[in-house]
Amino acid sequence: MAGKPKLYYFDGRGKMESIRWLLAAAGVEFEEEFLETREQYEKLLQGGSLLFQQVPMVEIDGMKMVQTRAILSYIAAKYNLYGKDLMERALIDMYVGGTDDLMGFILIFPFLSAEDKEKQRAVIVQKATSRYFPAYEKVLKDHGQDFLVGNSFSWADVHLLEAILVVEEKKSDVLLGFPQLQAFKARISSIPTIKKFLEPGSQRKPVPDDKYVETVRRVLHMYYDMKAN
């Protein structure tokens, strides 16, 4: 019997958070090893665990997987969150890709200067409300079903809910004017595995703080400042 998946990353959101979300949505328990020192990272490098010299890395089913999208695709397929046929999988990929684009504006946020954070906050809200949320609102309205694809819970729903919640951290009323997404948020949040992940004490990570940023910079030798888009 295979053991629990083991996640190697920092004690914070970053690119690993979507993997945590998807595993939790599938009801899969997982273990984590947090990178806190440069030595831990170099040990993974020297041991050949990081194919492209990057984290996230996930040990699952005897594999040491890197590349976030590959990890997520594998988990989605393994736990029946990737549609019932090729067409549904294509739609899921398309919707996840759109959500990824939005999340890209959010991932760099903790590493920006105070001035650039305010600029980036406005960018995030503008992109969400003018490009991405209207698209998902239309999808839900047009097919009149509870989920984005095939009226079945999928990776696309998990990723969209994650994005909605992190954008709401930047602007709490961002879903005003999006009634379909408001109802979607309530539905998906009430799914038992998701509800459990949203409760205090779960492995969901909080808003990135200065300690997380300092740890990432130290471990990865990031001594430069990122810029807002």
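**Exercise 1. Which residues does UniProt list for "domain: GST N-terminal", and how much of that stretch is helix and strand?**

Step 1. The record, an unreviewed UniProt entry, lists residues 3–83 for "domain: GST N-terminal". UniProt positions are given in the numbering used here, feature names are shortened, and such annotations may be inferred rather than shown by experiment.

Step 2. Before going on, note that this is a predicted model, in which local features need pLDDT of at least 70, side-chain atom pairs count only at pLDDT 80 or more, and totals for chains, interfaces and linings use all residues. Residues are numbered from 1 along each chain as its sequence is written, and side-chain values use heavy atoms, with hydrogens and water left out.

Step 3. Over residues 3–83, the chain is 36% helix and 20% strand. Here helices (H or I, at least four residues) and strands (E, at least two) are DSSP runs, numbered from the N terminus. The C-alpha atoms at the two ends of this stretch are 26 Å apart.

**Exercise 2. Is helix α1 largely enclosed or open, and what covers its buried residues?**

Step 1. Start with the cut-offs: buried means under 20% relative accessible area, exposed over 50%, and partly exposed in between (1.4 Å probe, protein chains only).

Step 2. Now look at α1, residues 17–25: nine of the nine residues are buried, so the helix is largely enclosed by the rest of the structure. Among them are E17, R20 and W21.

Step 3. The cover over these residues includes the strands β1 (6–9), β2 (31–34) and β3 (57–60), together with the helices α3 (68–78), α6 and α8 (192–198).

Step 4. Follow the chain just past α1 and you meet G27, with a positive phi of about 75°.

**Exercise 3. What does E162 touch, and how far away is the nearest side chain of opposite charge?**

Step 1. Find E162 in helix α6, residues 155–170.

Step 2. Leaving aside residues up to four places away in sequence, E162 touches E17, S18, W21 and M103. Contact means heavy atoms within 4.5 Å.

Step 3. E162 is buried yet has no salt bridge. A salt bridge is a side-chain nitrogen of Lys or Arg within 4 Å of a carboxyl oxygen of Asp or Glu. The nearest side chain of opposite charge belongs to R13, 6.8 Å away. For this purpose Lys and Arg count as positive and Asp and Glu as negative, while His and the chain ends are not counted.

Step 4. Stay in α6 and find V167, which is buried with a relative accessible area of 0%. V167 touches L102, I106, I124, A128, F133 and V174, again not counting residues up to four places away in sequence.

**Exercise 4. Which side chain meets R13 in a salt bridge?**

Step 1. Side chains of opposite charge can pair when their charged atoms come close.

Step 2. The partner of R13 is E169, at 2.8 Å from N to O. This pair links distant parts of the chain, with E169 in helix α6 and R13 in the loop between β1 and α1, 156 residues apart.

Step 3. Compare their surroundings: R13 is buried, at 10% relative accessible area, whereas E169 is partly exposed, at 33%.

Step 4. The structure holds 20 salt bridges. Another joins D116 to K119, with the closest N and O atoms 3.9 Å apart. Both residues lie in helix α5 (residues 114–143), three residues apart, about one turn of the helix.

Step 5. For a larger group, look at D11, E17, R20, E32 and K205, which are linked in a network of salt bridges.

**Exercise 5. Where do Q53, N80 and P56 lie, and what backbone feature goes with each?**

Step 1. Most residues other than glycine have a negative phi, and most peptide bonds are trans.

Step 2. Q53, in the loop between α2 and β3, has a positive phi of about 65° although it is not a glycine. Q53 is exposed, with a relative accessible area of 55%.

Step 3. N80, in the loop between α3 and α4, has a positive phi of about 60°. N80 is exposed as well, at 68% relative accessibility.

Step 4. P56 lies in the loop between α2 (38–46) and β3, and a cis peptide bond with omega of about 15° joins V55 and P56.
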